[in-house]
Each structure stands twice: as C-alpha cells, then as structure tokens.
Amino acid sequence: MPSSHIEHLSSLVGTANCLVEEESTRPFATDYRGVFHGKALAVVRPADTAEVSRVLAYCHAHDIPVVPQGGNTSLLGGSVPDAKGESIVLSLSRMNRIRSVDPVNDTMVAEAGVTLHQARMAAEEVRKLFPLRIGSEGSCQIGGNISTNAGGTNVLRYGNMRDLVLGIEAVLPDGSIWHGLRALRKDNTGYDLKQLFIGAEGTLGIVTAAVLKLMPQPRAVCTAFLAFDTPEIALGFFSELRKCVGQDVTAYELISQAALDLVLSHLPDARPPLSTRAGWYVLVEMGAGRSQEELESDFYDVVQVGLEDGRIRDAAVAATQTHANDFWRIREEISDAQTRTGGSVRCDISVPLSKIPEFITQASAGVLDVEPKTRMVIYGHVGDGNVHFNPLRPADEPAADYLSRAGQSITHIVDEIAMAMNGSISAEHGVGVAKRDELLAVKSRVELEMAWRIKRALDPKNLLNPGKFLPQLDAMKEATHD
C-alpha cells in the first residue's frame, strides 16, 4: 500500500489506531484457533460510525479491500484477511459503548464492538435478560454476532441473533450510513433491510450498532445433568419434558462421552458431573416466571419417571448457582478443549429434530468406517436440531497429519448425510472461507445468483470481505444445477 494511503487512513483514525507493523497486525490476521492465517496491509480501528464511514469512503475511492473484524472468534476464517496482503482489517473493537437501555420498551442500543458479556451485564443492571449465550461471550462482539447470525445454547427458547435484533445502523461500502436504529416490533413501511446484514458476514456493509431485544429475567431457574444410553432416548425425554413444562425449557445440550472425557482431561479441577458413565449426557436448563418450587417440582416429577423406567441412567440437579455454573463450564469448554488438543474436524450441521439420532448413527458409522481410531466428539443444541459433529484425531496421531489426510473426506461424509436428511452444512458457524465452495454442492444456481445480485447491488467493486461467503460465479456455473 502506498505510504500516502497509510498516512490518510492514519489521519482518519489517529496514528495509534492504524497499525502497520507485522508484529501489531499479526493477531488480527490469524484466527483464534491458529487455523486460518493471512496478511493485512494495515489494521484500522475507528472510534465511531463517522470514522467508519470516512474509512470506507476512502477505501472505495481507491479500490482497497476491507475485512471487517469483531472479536475474531470465527471458526471458519470469515474474519481473517487472505494471504495476498492487499486488504486492510477494519477492527470495530473501539466502538464498545452501550448507547442506551430502555427497560420499558425492552430494548438496548449497543455498538458493534460491545462484547456479548458486556451486553448481557448491561441488561442485568436493569433486571432484564439479553438471552444470546455462547461460550466465547467474553471476547465475541455484537457486530460479529449479528454478521454471523450467532446461535448458541438458548436458541431453543429465544431464537438466533436474527430474532433478537430490531434495528441496525450500518455503513455501506461507499461510506454511506444507513440509520436504521428503529426500536419497533411492527414496521411495514418497506423491505426489512436489516435482515440483509444479519448473517451476511460483513460482505454487504459494516454493522456499527444495533437495537437489541431484551427479555424478562426468569424468576426461577433449574439446571441439571442427565445420563442416557442413546441419543434416541435423550430425544424422547426431551419431547416428554416439553409436554410437561412447555416453553420453560431454555437449553437442552447433548454431549457424547468422548466430548465429556476430553473436557475433563483439560480441566484438572473439574469433577465428572455424574458418578455413572454413560454413552450420552444432556445438560438441561429451564427458566420460568413462576416460583422455584413449582418449576423444580414439575422437573423432578418427569425425571423421577425417567429414572424409574430406566430411560435416565443417572441425574444431578444443581443445588446452587455455583453448581449450575460448574455444569455449564463443562459444556462451554468443549470447543476450547478441541482447539488445545488439535486435529478436530469441525462439522456444524442441522437436521430436523426427529432425524438427529439417525444422523448421529449414520455419520458416526461413516467416519469410523474410514478412520476407525477417531474419537467421536459430538455435542450440540439438540433442542433446535443443531449438532456439532467434530471427529477428533486419534491420540497417537499428530493433528496436522490427521487433518491433511482425513479432514476433507470426513467433512464430505458428514455433509452428505446431513443434506440427504434435508439439513444444513452450517447451522450457526456461518460460511467464511472454509464452507464457501461447499455451497456449490448444496445451493441451487438460482439461489446463488440471487445472492450475487444483492452483493453487486450494494458492493459493486467487491471490496467488503472479498473471497468470503459466496463461491465464484464461474465455478458455480460448472458445479451447480438449475
């Protein structure tokens, strides 16, 4: 990049916020797992929407590609520049203000760089709940949550990020600002433009702030760990539980024995949640507006029947919030335990709820048939059909060797089975660069051409997050069908 560009960008955001030295830019050019690596010409850190606008206007005028980045917790390379070294990284981390909270309207206006944890705490201060919950909440940011349509453990009751956003402020590729921060639940005055930016992974515009929905805090919460022999039995119990307590079930997380063992091996101070070893476990949480006694009584009644007839092998109900936090720590550490171990093939799929046991059976058999020593780390949000099916390298094989030898074939096996069940190859992790070309096999020509028409309309120069999210049209024409 000519020095004049660096000088101008520095003048827009301040020299200290235009990073150019490789030592300073490297953390922004590598994902947190160390899987995706790239190179940034500069890392630009604007302080407000006006600065974002000026930076994008300048980059648009000079054909400089821009890679937007939040907390850089993406698993699929969506927030990392490529190796060409032609892009700047636009970090939103300095835009971290809660602009307002309206407890009467149950809304909050948060800037893109606000962390999920910060947003949840701001809601708690006015005795409200912002229900998005994912393991990386201390580092992931609201802008990234919106751009990837984040899901997490509470989707069952509250929905994805798409369901939690009322309005958006965004900067378009040419620097234009769309002031769409409307805190309305009913507005039929035209296209719902905010939905274009939710889940678009920064390819259409830069989300700089959003109006988020808040919910009432539950009066009562009940958290438990249950043991089952099979996913079929666990799913059957879920159906029965929903019949008894209805929408009070906020999370129903399935965990394989291999996943539990992996976490415990990385958390020396953690204890197994149950004394019984079983093939599968479920972390279930319920929240209600009624009394704690009523909620627990209803739950105990259902669990007792399951224990008596043998469907539930063992059960533990959290007696304190600390106990509940210990349960959740085990669940939330599964992803990082895989990262520390290395050699995990991350398959994030969704299938209809009724197909989950069949999917797990078929996909496990398919993987073990070609890689019999693989550890089957399987977990996920079974209540909404999202399974994180992550085969892990054998303990005696280096991660790089396993991934290079088996990663692609395993991904193909798993994705093929999910698609055969009318599922999705990416339930909540997005597309990024890792899943981009796989869309050629699972999307129709019409669907991808529609997406490209939207992209060209808003970003005709293809400067925002280029090479991410959408496969190339020439490859699409050869690989897809009408």
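**Helix packing and sheets in the predicted model**

Helix H1 (residues 3-13) packs against helix H3 (49-61) at an angle of about 165°, and the axes of the two helices lie 9 Å apart; helices (H or I, at least four residues) and strands (E, at least two) are here DSSP runs numbered from the N terminus, while axes are lines fitted to C-alpha atoms, for helices over the stretch in contact, with angles from 0 to 180 degrees between N-to-C directions. The angle makes H1 roughly antiparallel to H3, a term used for angles over 145 degrees, whereas angles under 35 count as roughly parallel, 65 to 115 as roughly perpendicular and the rest as oblique. This is a predicted model, in which local features need pLDDT of at least 70 and side-chain atom pairs count only at pLDDT 80 or more, whereas totals for chains, interfaces and linings use all residues. Residues are numbered from 1 along each chain as its sequence is written, and side-chain values use heavy atoms, with hydrogens and water left out.

The crossing of H1 and H3 is right-handed, a crossing being right-handed if the near helix is turned clockwise from the far one by less than a right angle, and left-handed if anticlockwise. On the side of H1, Ser4, His5, His8, Leu9, Leu12 and Val13 take part in the contact, and they meet Glu51, Arg54, Val55, Tyr58 and Cys59 of H3 (contact means heavy atoms within 4.5 Å). Six of these contact residues are nonpolar, three are polar and two are charged, where Ala, Val, Leu, Ile, Met, Phe, Trp, Tyr, Cys and Pro count as nonpolar, Asp, Glu, Lys and Arg as charged, and the others, Gly among them, as polar.

Helix H3 also takes part in a second arrangement, with a sheet. Five strands form this open sheet in the order S5-S6-S10-S8-S9, and their pairing is antiparallel; two strands pair if DSSP finds at least two bridges between them. Strand S5 (98-102) and strand S9 (177-180) are the edge strands, each of which pairs on one side only, and neighbouring strands are turned against each other by 15° on average when direction is ignored. Strand S8 (residues 165-171) runs antiparallel to S9 and is joined to S9 by four bridges, and Ala170 has Trp178 of S9 as its bridge partner. Helix H3 packs on this sheet, where H3 touches S5, S8, S9 and strand S10 (206-213), and the direction of H3 makes about 45° with that of S8.

A further open sheet contains seven strands with antiparallel pairing, in the order S15-S12-S14-S13-S17-S18-S16. Strand S15 (314-317) and strand S16 (347-350) stand at its edges and have a single partner strand each, so one side of each is left without a neighbour in the sheet. From one strand to the next, the twist averages 15°. Within this sheet, strand S13 (residues 249-256) and strand S17 (residues 375-381) pair in the antiparallel sense over three bridges, and Glu253 has His381 of S17 as its bridge partner. Helix H9 (residues 257-266) packs on the sheet and touches S13, strand S14 (280-288), S17 and strand S18 (386-392), with a direction at about 85° to that of S13. Helix H14 (residues 399-420) also packs on this sheet, touching S16 and S18, and its direction makes about 0° with that of S16.

Helix H8 provides two further examples of helix packing. Helix H8 (residues 231-245) and helix H13 (residues 356-370) pack at an angle of about 165°, with their axes 9 Å apart, which makes H8 roughly antiparallel to H13. H8 passes H13 in a right-handed crossing, and Pro231, Glu232 and Leu235 of H8 meet Pro357, Ile360 and Thr361 of H13; four residues of this contact are nonpolar, one is polar and one is charged. With helix H10 (residues 292-308), H8 packs at an angle of about 150°, and the two axes are 10 Å apart, so that H8 is roughly antiparallel to H10. The contact is made by Phe237, Glu240, Leu241, Cys244 and Val245 of H8 together with Asp298, Phe299, Val302, Val303 and Val305 of H10, and its residues divide into eight nonpolar, no polar and two charged.

The chain as a whole has 17 helices and 18 strands. Its radius of gyration is 23 Å, close to the 23 Å that the globule rule gives for 482 residues, so the chain is as compact as a globular protein of that length (the radius is taken over C-alpha atoms, and the rule is 2.2 Å times the number of residues to the power 0.38).
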